[in-house]
Amino acid sequence: MTTDGAGSPTDRAQRAPLDPEAVLAALSLEEQARLLDGSDFWHTQPLDEHGVPAVMVTDGPHGLRKQPTDGDHLGLGGSVPATCFPPAAGLASSWDVDLLQRVGTALGEECRAEGVAVLLGPGVNMKRTPLCGRNFEYFSEDPVLAGDLAAALVRGVQSQGVGTSLKHFAANNQETHRMSVSAEVDERTLREVYLTAFERVVRTAQPWTVMCSYNRINGVYASQDPWLLTRVLRNEWGFEGLVVSDWGAVDDRPLGVAAGLDLEMPSSSGASTAKVLAAVREGRLSEADVRTAARRVLQLVARAQPGLAEPRPYDAAAHHALAREAAQRSAVLLKNDPVGTSAGAAPLLPLDAAAAGVVAVVGEMARTPRYQGAGSSQVVPTQLDDALTALRDDLEGTGEVRFAAGYSLDDGEQDDDGALADEAVAAARGADVVLLFLGLPGSYESEGFDRTHLDLPASQLALLDAVLEVTERVVVVLSNGSAVRLHPWADRVPALLEGWLLGQAGGSAVADLLVGRVSPSGRLAETLPLRLEDTPAFGAGFPGEGGVVRYGEGVFIGYRWYDTRRAAVSFPFGHGLTYTTSAYDALSVEVTGSGADAGLRVALTVTNTGSRAAAEVVQVYVADPVAEVARPDSELKAFARVELEPGQSRAVSFELDARALSYWSPVQRRWVVEGGAFEVRVGASSRDVRLRETVQVTGEDLTPPVAVDAEISTWLDHPVAGPALRSVLERSGGGFAGMVDDPEHGAMFRAIPLVRMARFPGFPATEAELAQIAERANA
Ligand code: BGC
């Protein structure tokens, strides 16, 4: 099937190419202000008399949700058929930047065919808690992984002359009170965890637009935060595009314009234009700010025009095949233990398609796949594969495929689905293998609300117990958009495939993996915790109270939390098995440069030591065991997915820049490289370190300036102020000098701000004298 590349005449913007500066020069202030508001749910404002067309922006992110008629942003109304690729939770598990770029290109082609100027995605918010209702739309708990994958997707979409919208900027990590909650986050945590993925995408892929989030950050709405939207995004990172509001995120429109929010969506039907004009009249908003925002809207329209003027059909069959490949790479084989006690014990997977015997496929989700999440990202797929049909195609003829639904897809809170469960047990009895499809029903996770627990439905857990009563030969295949609780039951199941949500071709892709047509190669982009109680934001940290959520765990989210605390988890970040084995060797780590120019050159060899082709995902973590700030046990800094034939070795190398060694200094309010020992760990998960090497890095001079109110220890550590202070203290005849060096009480004295000590009776220098010393020392 190919689409005809339709799109309304206005959408296609078939007009003379627009020169933003020339148009801007001809616009009145009122016309400029009108441009800052949408014209309906999905279109920018046209100015017909100036030849400015309306262009269409629409969801996103893992497929196109183009609504032909009236719009809504909650996924309620229908939309044109489009390829439903795996949502981000799936795609991220591929750790495959090349794949993400190809998926992006396909998404761009579909936008192009449908006359869409901007695809509203990707979303790179961090998975702070597995309970976030929208985690299926986000990539990871790690900003480097999320940032690099999202950047590849953006490059792919934009290669087709279609824009993207990087969202939701920023700290939108929960759905509870998402339109008002204030995320209270210290700057170091923002910079190192919550902003990094955005920064990587902006710096390396320049998305055409960034979408500000609904929430407040430290009390200020993201939609009107000049620090976020202008200072950080534009001045520091060099963002060149347009900032659009999330749908309904505007609080005070004039403040937003001044802060750098260019476009409000959807249309406020003129209300905001009036407010903007009034604010200019009253001197609360400058004409220059209005003009700047209008210019960016015109630039966006001009960027989109060539693509819109030339719609191109896309090949839906090829996109379905790509969706299948993406799904194959996104599923994660968590476990595949040998079954049986005899010497012939072997793992259940892959099934031998030529002699699989009796295969019992159990679970409604095998027949009715759960393949995407709910809300604004919900796509109407061009076709839909289910695992049951695909498995029958693969296995019937050489074996027998039995099916039993086992449970229904309602909320599943009752303990068992009676007759359905009985039927499933009957199908499982005597089968050579049971493929048990479990997962979260659609009602469990969605945009708009958060989950309250991590458990699978009670009816499914009861079914699992009942099946395990009759056979141990059970492979569980999961469908869920965010982590579910796996233990203790996972200990009793020999094989476990985490299928996340795999898009429209997920069913056939899962069959490909189960029968071994392809080896699994996905790796966890999020830790699977043992219990909700172990998760970093559990308790007072989520979902907050009184309109505020405090990120008290700081930079310690995901594996940064579990690994630093040495906490047991179900499966660690980065984990995933294949049908082969691998070896890592010949690690070399070379330090390049020093201080703010320091970097690391990491090289190693990876080998497929088994008998099947598979991809290895090589992960590079950096640990900084001694630092002035509390740092995580280790942090992912680079990764590469490497395809390997049996017996094949490949050299892999990485160039890490200073950022890979830096932390955000809360004192200096900038990234710093603190010198000392760093350990580079290379492995197959954050806990499966195969090679490690310690190197010495020469850091920056981080001597803090001294001031009279700095603690005495700061003075003593200073190369100039330290000796000067010591000679002053000696003047007291040794009394004060003796105090600070006293082996028992010295630490207490050294912790006193110098100026306070100077006010004590008998101190040998005045405050003014100390201030002079400080001035000389800092010069
Ligand atoms: C969502 C965005 C989405 C927008 C338009 C909002 O509710 O948060 O992610 O792009 O609606 O549908």
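This report describes the nonpolar cores, one enclosed helix, the ligand site and a buried arginine in a predicted model.

**Nonpolar cores**

The largest nonpolar core holds 121 residues, and those touching the most other members are Trp95, Val103, Phe139, Phe169, Leu195, Leu228 and Trp247. Helix H12, which spans residues 287–309, gives the most to this core, contributing 10 residues. For Val103, when residues up to four places away in sequence are not counted, the residues touched are Phe85, Leu91, Leu153, Leu322 and Ala326. Separate from this set is a second core of 69 residues, whose members include Leu463, Trp500, Val510 and Leu514. As background to both sets, nonpolar side chains in soluble globular proteins tend to be buried together.

**Helix H8**

Helix H8 covers residues 196–205, and because seven of its 10 residues are buried, this helix is largely enclosed by the rest of the structure. The buried residues of H8 are Thr196, Ala197, Phe198, Glu199, Val201, Val202 and Ala205, a list in which Glu199 appears alongside residues such as Phe198 and Val201. Their packing partners are helices H6 (143–158), H7 (187–194) and H9 (226–236), together with strands S4 (163–169), S6 (209–212) and S26 (670–672). Just after H8, Gln206 adopts a positive phi of about 40°.

**Ligand site**

Around the ligand there are 15 residues, of which Asp59, Arg134, Lys167, His168 and Asp246 come nearest. Sorted by class, this shell comprises five nonpolar, three polar and seven charged residues. Three side chains that place a polar atom beside an oxygen atom of the ligand are listed below.

| Residue | Distance from a polar side-chain atom to a ligand oxygen atom |
|---|---|
| His168 | 2.7 Å |
| Arg178 | 3.3 Å |
| Tyr214 | 2.9 Å |

On its own the ligand has 310 Å² of accessible area, and the protein covers 100% of that area. His168 thus enters the description of the site in two ways, being among the residues that come nearest to the ligand and having a polar side-chain atom 2.7 Å from a ligand oxygen atom.

**Arg65**

Is Arg65, a residue in the loop between strand S1 (57–58) and strand S2 (81–82), buried or exposed? Its relative accessibility is 1%, and because buried means under 20% relative accessible area, Arg65 counts as buried. A polar atom of the Arg65 side chain lies 2.6 Å from the backbone oxygen of Ser376.

Terms used:
Residues numbered from 1 in each chain as written. Predicted model: local features only at pLDDT ≥ 70, side-chain atom pairs only at ≥ 80, totals over all residues. Heavy atoms only, no water. Core = buried A, V, L, I, M, F, W, Y, C linked by side-chain atoms within 4.5 Å. Buried < 20%, exposed > 50% of the residue type's maximum accessible area, 1.4 Å probe, protein only. Helix = DSSP H or I, 4+ residues; strand = E, 2+ residues; numbered from the N terminus. Contact = heavy atoms within 4.5 Å. Near = heavy atom within 4 Å. Polar contact = N/O pair within 3.5 Å; in protein donor to acceptor, adjacent residues only side chain to side chain. Areas by Shrake-Rupley, 256 points an atom, 1.4 Å probe, with all protein chains shown as cover. Nonpolar A, V, L, I, M, F, W, Y, C, P; charged D, E, K, R; others polar.
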